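Work through these exercises with the model on screen. Try each task before you read its solution.

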Amino acid sequence: MKKKNIALYIAMAGLASLLVMGVAYAQDEIQWLEHDIFVGRERPAAAFPHALHADEIGIDCLDCHHIYENGENVWDDSEESDCTACHKLEAEGKTMSAEKALHANCKGCHKKEGKGPITCGECHPWKKK
Amino acid sequence: MAEEAKEQIVAPLVTRVPIKTKEELDTLLADRQGRGYYKELDAFPVDTEALKKTLEATFKSRLKTWLKICAHCGMCADACHFYIANDNDPEQVPSYKIQSTLGELVKKKGNVDNAFMQYCMDTAWGKCTCCNRCGMYCPHGIDMGAMMSYLRGLCFSQGFVPYELKIGSGMHWVYKAQMDVTVQDFVETCEWMAEEYEDDWPGLNIPVDKENADILYTINAREPKHYPEDIAEAAILFHLTGENWTVPSEGWEETSLVMFAGDWAGCKMQVESVFEAMERLKPKRMVVTECGHAHRATVTEGPYWAGIKSGDTPVPTQHYVEWLLEVLENGKLKLDPSKKIKEPVTLQDPCNYVRNAGLAEVTRKIMPYIAEDFREMAQNREQNFCCSGGGGMNALGRYREQRNIGLRVKRDQILATGAKFVVSACHNCWDALRDLEEEYKIGMKWSFLKPIILKMVIVPDHLKPKAE
Amino acid sequence: MYEFVRGPLALISFAIFFIGIIVRVVWYVKGLDWRLDRVAYLEKADYGIRGALKSIFHWILPLNHTTANHPIFMGATYLFHICLLTAPLLLVAHVMLIEESWGISWPTIPDTIADYMTLAVIAAGGFLFARRLVLPYVKILTTGSDFLVLFIALAPFITGFIAYHQLMGYKFWLIVHILCGEIMLIAIPFTKLSHFVLFFCSRAQIGMDYGIKRGGQKGRGVAW
């Protein structure tokens with residue numbers, strides 16, 4: 001049993017030392033996706049730096065905002081820009097539920113581009129910073 | 001001293017094989033209390049290769065998993081009467097007793113020494129009666145009694161077996177009985193008993209080797225050897241109920257010290273002798289005497305040793321209590337209600353046919369016929385504690401002290417009922433209760449069912465002795 | 001790092017876990033031997049199945065004498081096991097990840113409940129840990145591997161709690177949490193944690209034993 005004891009101590013020591021390390025997290029100019037339709041949400045509202053996406057990175061508006069007519073995205077900035085105006089709590093026909101739409105849109109792009117947060121807590125931090 | 005002369009015996013007393021001749025048996029018997037035997041055992045080498053091979057061939061799924069998944073939770077601790085009786089000694093925790101013996105043996109792949117094998121022997125026979133109680137309380141369903149029994153087999157195959165059980169095993173090989181009772185001895189005892197009681201019970205007969213009887217009755221060798229009246233009582237009750245019954249001249253021995261010894265070849269040999277009697281005499285069913293381990297060995301485990309795939313005996317088999325309840329319920333046997341035992345009575349549930357054969361309710365249905373004030377022990381039926389004499393322990397001089405300590409749990413259980421009369425339809429329990437009274441003197445009586453019943457029977461007129 | 005532990009490593013550990021437990025069960029069943037075990041498994045399958053189900057039923061629910069005799073320990077273990085299985089399986093975030101990867105999903109429980117369950121697992125685990133140190137009849141049985149196995153089982157919950165509440169270094173603890181979960185999955189087939197499946201095998205076997213041989217055909221078998 002000696003060998004296993006040592007393994008145990010190493011594992012415990014490792015975990016304990018990790019406890020004291022912390023990786024800081026900072027953001028600025030944040031917009032919070034606090035849509036009214038999300039009642040009783042499990043996680044805090046997601047943080048979304050719009051300016052970062054639109055201005056600094058220069059992502060095309062139409063990559064996110066959309067209204068489809070005959071398979072074409074006809075959105076322009078005079079149109080509705082609140083996602084939850086169309087995407088409700090539950091899916092309606094082809095329209096995804098808000099939760100799915102937002103996850104697919106943000107996380108999908110982050111994963112595809114290999115940029116931006118993809119873990120739960122990175123978008124949904126408990127403390128607003 | 002006389003002992004000194006006996007130590008001159010030259011033949012080896014300790015062997016890895018069963019004793020199969022009368023000469024070897026007599027040599028061993030001459031070694032009083034096994035002094036020379038245990039001395040020889042101290043220097044007896046372990047055949048580690050053979051042990052390894054046996055483990056490889058027989059240590060499979062069930063046992064392996066039991067050993068592996070034991071969560072070391074300790075729920076088996078207070079299930080064991082030895083743990084309780086020894087003031088919660090951690091070394092008496094069933095799981096510990098297994099892990100420190102079989103567990104180590106497996107870990108070391110059989111590469112162990114004499115001292116270790118002696119520790120195994122002292123644990124397997126001196127700290128466990130294979131009552132299987134702990135297994136009932138194990139959340140993982142680990143049957144430590146069955147593991148201990150397996151360990152006994154390993155010990156026996158290495159020659160590490162208590163003296164009395166080496167003899168017991170040898171008796172079976174030589175006499176096909178646990179004691180030196182020959183076919184002739186047995187048949188003569190039956191004749192003698194029939195004659196002895198014929199005056200009181202006209203027409204009383206003990207039919208030997210009668211074919212196609214309804215009941216084949218088989219017994220414990222202690223009965224012809226030491227308690228022949230037990231056979232007479234059985235005969236009288238069969239006589240009173242008009243049963244068409246018989247005893248076999250060969251294959252009458254139900255018991256199995258070979259099972260206690262872990263001599264698996266001996267178990268097969270012994271049980272096959274009983275099954276041969278069944279096949280020879282073609283009875284409708286077999287009834288076994290008031291013995292627990294006999295039922296276990298012949299009815300519960302026996303068919304498997306004999307290689308019967310269904311696990312059933314060649315003809316249906318009943319324990320004595322089952323037959324007794326049957327004739328009480330169908331009215332073949334009538335008891336005088338006014339003769340019921342008036343004082344408080346309690347019942348000792350034998351592990352081997354209650355926990356390990358499901359007959360708990362049978363004896364409970366008999367009790368109202370014989371007792372006015374029946375009181376259950378606090379732990380009863382399948383939950384009952386071993387009498388502390390099971391698994392062969394009653395017979396073992398080396399572990400008498402441990403057995404006597406173990407008896408305390410039973411003593412306290414009995415005292416708590418307030419009853420001074422204990423019914424016990426099992427030879428082992430009966431012996432343990434006798435020793436309990438001798439050791440602790442609590443002023444109790446104990447009895448098999450047959451003598452109790454006989455005191456209460458209403459004898460039909462045509463079976464009464466004719467007035468001269 | 002996150003992508004690696006959440007992606008290929010998760011896949012590998014799930015594969016080891018599922019294949020491992022299947023192999024365990026197959027080995028167990030293949031190793032049963034009616035002659036060695038002295039149980040007519042196949043010849044008396046009807047009694048056997050009844051006994052097996054009865055045996056599992058009485059222990060999956062607290063319908064056994066051990067629970068009556070040791071309510072605190074058994075209560076703690078039932079709580080430990082129920083929470084340990086339910087919380088991760090029905091956690092919203094876990095189900096979402098599964099759905100993202102494999103397109104399947106199932107109902108979830110609110111995070112608050114999962115949170116209490118996590119605390120219950122940690123508390124019950126602490127109790128199991130403590131009794132190993134304190135109670136003589138448990139202490140004598142305890143080996144280093146018992147602590148290791150308990151630690152492997154508790155680690156995902158402790159780290160999960162830290163990560164979920166973002167108590168410190170979120171991403172780091174999230175990765176540690178996932179790693180701990182994967183270690184547990186991998187450890188299940190190889191350690192005492194194999195009771196995840198072998199519990200059922202062992203209980204079924206002893207149920208069959210009593211159901212077929214030791215009373216099941218005459219009495220009620222063992223009333224667990």
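The exercises below deal with a predicted model.

**Exercise 1. Describe the fold of chain C.**
Task: How many helices and strands does chain C have, and in what order do the elements run?

Solution.
- Step 1: Count the elements. Chain C has 12 helices and 0 strands.
- Step 2: Read them from the N terminus. The order is α-α-α-α-α-α-α-α-α-α-α-α.
- Step 3: Add the dimensions. The C-alpha trace of chain C spans about 60 × 40 × 35 Å along its principal axes.

**Exercise 2. Look at burial, contacts and surface in chain C.**
Task: What percentage of the residues of chain C count as buried? What share of the accessible surface belongs to carbon and sulfur atoms?

Solution.
- Step 1: Take burial. Chain C has 224 residues, and 54% of them count as buried.
- Step 2: Take the contacts between residues at least 6 apart in sequence. In chain C, 65% of these join residues at least 24 apart.
- Step 3: Turn to the surface. Chain C exposes an accessible surface of about 10100 Å², with 76% belonging to carbon and sulfur atoms.
- Step 4: Locate the charges. Chain C carries 18 positive and 12 negative charges, and their mean positions are 15 Å apart.

**Exercise 3. Sort out the chain contacts.**
Task: Which chains share the most contacts?

Solution.
- Step 1: Count the touching pairs. There are 2 pairs of chains in contact.
- Step 2: Rank them. Chains B and C share the most contacts.
- Step 3: Check chains A and B. They do not touch, and their nearest C-alpha atoms are 12 Å apart.

**Exercise 4. Find the largest cavity.**
Task: Which residues lie nearest the centre of the largest cavity?

Solution.
- Step 1: Count the cavities. There are 4 of 30 Å³ or more.
- Step 2: Pick the largest cavity. Its volume is about 140 Å³.
- Step 3: Inspect the lining. It has 18 residues, and C80(B), P94(B), K97(B), C128(B) and C134(B) lie nearest the centre.
- Step 4: Map the lining onto elements. In chain B, α6 (81-85), α7 (94-107), α9 (133-137) and α10 (144-157) each give two or more residues.

**Exercise 5. Compare two positive phi angles.**
Task: Is H72(B) buried or exposed? Is D87(B) buried or exposed?

Solution.
- Step 1: Read the angles. Phi is near 55° in H72(B) and about 50° in D87(B). Neither residue is a glycine.
- Step 2: Place the residues. H72(B) is in the loop between α5 (61-69) and α6 of chain B. D87(B) is in the loop between α6 and α7 of chain B.
- Step 3: Apply the cut-offs. H72(B) has a relative accessible area of 4%, so it is buried. D87(B) has 70%, so it is exposed.

How values were computed:
Residues are numbered from 1 along each chain as its sequence is written. Chains are lettered from A and ligands numbered from 1 in the order in which they are written. This is a predicted model: local features need pLDDT of at least 70, side-chain atom pairs count only at pLDDT 80 or more; totals for chains, interfaces and linings use all residues. Side-chain values use heavy atoms; hydrogens and water are left out. Helices (H or I, at least four residues) and strands (E, at least two) are DSSP runs, numbered from the N terminus. Buried means under 20% relative accessible area, exposed over 50%, partly exposed in between (1.4 Å probe, protein chains only). Contact means heavy atoms within 4.5 Å. Accessible areas come from the Shrake-Rupley method with a 1.4 Å probe; for residues, only the protein chains shown count as cover. Lys and Arg count as positive and Asp and Glu as negative; His and the chain ends are not counted. The place of a charge is taken as NZ of Lys, CZ of Arg, CG of Asp or CD of Glu. On a 1 Å grid over the protein atoms alone, a cavity is a set of points where a 1.4 Å probe fits but cannot get out, and a pocket is an open set with protein on both sides within 12 Å along at least five of seven lines; lining residues have an atom within 4 Å of a point. Grid points are joined across faces, edges and corners, and a volume is the space filled by probe spheres set on the points.
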